[in-house]
Amino acid sequence: MTTSPDLEAVLSDIRACRACMGELPHTPRPVVRVFPQTRLLICGQAPGRRVHESGLPFTDPSGDRLRDWMGVAYDDFYADPRIGVAAQAFCYPGTAPKGGDYPPPRRCAALWRPRLMSALPAMELTLLVGGYAQVWALGDRVKVNMTETVRAWRDFGPAILPLPHPSWRNTAWLRRNPWFEAEVVPYLRQRVRGILTA
């Protein structure tokens, strides 16, 4: 299947975007990976340093954990056009002095997300990975914090599934919240399997 004119145009414009030039500690390098066939969209906060360098989303330990949650092998994750990745911000925002990355600039989602989503008509499920993505996408439906938003995952289906960020920084969170791997991960794997085998 070839790229639709609308999707081809928006992807070309996103990859050429330099709206944050001079505000980032590096030259902007937008990273987005979607296709006309994309039915499952992973929406995190922004690329990390490794993804900025590789130009390929989730080529880091966070990606390994996310693929494990999804029940998808590394090669399948990148080979199957039914899986897409489009974060809230497409460029690496830089590392904060106390560690961790800066928040994604809100400008990016406001500038590109409505146009991109309208060019993906086959979407069935969006994974909102982390608090920033959840706040943007859910608006006043978001709960008091990321934990409570993910705990209320049944409220957002079947088109949306909120997830914690798969970063190693959330390992302690996963230990404190065993219900996530007991309840949410099996549902996620079931949905992913359904999308990829239909």
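**Reading the calls in this model**

Visitor: Why does Phe58 count as buried?
Guide: Phe58 has 10% relative accessibility. Buried means under 20% relative accessible area, exposed over 50%, and partly exposed in between (1.4 Å probe, protein chains only). At 10%, Phe58 is under the 20% limit, so Phe58 counts as buried.

Visitor: What kind of model is this, and how are residues numbered?
Guide: This is a predicted model, in which local features need pLDDT of at least 70, side-chain atom pairs count only at pLDDT 80 or more, and totals for chains, interfaces and linings use all residues. Residues are numbered from 1 along each chain as its sequence is written, and side-chain values use heavy atoms, with hydrogens and water left out.

Visitor: Where is Phe58, and what is its phi?
Guide: Phe58 is in the loop between H2 and H3. Helices (H or I, at least four residues) and strands (E, at least two) are DSSP runs, numbered from the N terminus. The phi of Phe58 is positive, about 60°, although Phe58 is not a glycine. Most residues other than glycine have a negative phi.

Visitor: Which residues form an aromatic cluster with Phe58?
Guide: Tyr74, Phe77 and Tyr78 join Phe58 in one cluster. In the whole structure, the search finds 7 aromatic pairs.

Visitor: Why is the pair of Trp153 and Tyr187 called tilted?
Guide: Two values decide it: the ring centres are 4.9 Å apart and the planes stand at 40°. Rings of Phe, Tyr and Trp (its six-membered ring) pair if their centres lie within 6.5 Å; planes under 30 degrees apart are stacked, over 60 edge-to-face, and the rest tilted. The 4.9 Å is within 6.5 Å, so Trp153 and Tyr187 pair. Their 40° is neither under 30 nor over 60, so the pair is tilted.

Visitor: What does this pair tie together?
Guide: Trp153 lies in the loop between helix H7 (146–151) and strand E4 (160–163), and Tyr187 in helix H9 (residues 179–197). The pair therefore ties together parts that are 34 residues apart in sequence.

Visitor: Is Trp153 buried or exposed?
Guide: Its relative accessible area is 8%. That is under 20%, so Trp153 is buried.

Visitor: Which residue in helix H9 counts as exposed?
Guide: Thr197, in helix H9. Thr197 has 60% relative accessibility, which is over 50%, so Thr197 counts as exposed. Thr197 and Gly94 are 103 residues apart in sequence and 38 Å apart in space, C-alpha to C-alpha.

Visitor: What makes a space a pocket or a cavity?
Guide: The test uses a 1 Å grid over the protein atoms alone: in a cavity a 1.4 Å probe fits but cannot get out, while a pocket is an open set with protein on both sides within 12 Å along at least five of seven lines. By this rule there is 1 cavity of 30 Å³ or more. The largest cavity holds about 150 Å³, and the largest pocket about 820 Å³. Points join across faces, edges and corners, and a volume is the space filled by probe spheres set on them.

Visitor: Which residues line the largest cavity?
Guide: The lining has 18 residues, each with an atom within 4 Å of a point. Cys17, Cys20, Phe90, Cys91 and Cys108 are the closest to its centre. Helix H5 (residues 106–118) gives the largest share, 4 residues.

Visitor: How many residues of each class line this cavity?
Guide: There are 16 nonpolar, no polar and 2 charged residues. Ala, Val, Leu, Ile, Met, Phe, Trp, Tyr, Cys and Pro count as nonpolar, Asp, Glu, Lys and Arg as charged, and the others, Gly among them, as polar.

Visitor: How is the largest pocket lined?
Guide: By 30 residues, with Gly48, Ser62, Asp101, His165 and Ser167 nearest the centre. The lining has 15 nonpolar, 10 polar and 5 charged residues. Helix H2 (49–54) and helix H3 (61–70) each supply at least two. H2 gives the most, 3 residues.

Visitor: Why is Ser62 called buried?
Guide: Ser62 has a relative accessible area of 10%, under 20%, so Ser62 is buried. Ser62 belongs to helix H3. Leaving aside neighbours within four places in sequence, Ser62 is in contact (heavy atoms within 4.5 Å) with His165, Pro166 and Ser167.

Visitor: What is special about the bond joining Gly157 and Pro158?
Guide: It is a cis peptide bond, with omega about 0°. Most peptide bonds are trans. Pro158 lies in the loop between H7 and E4.
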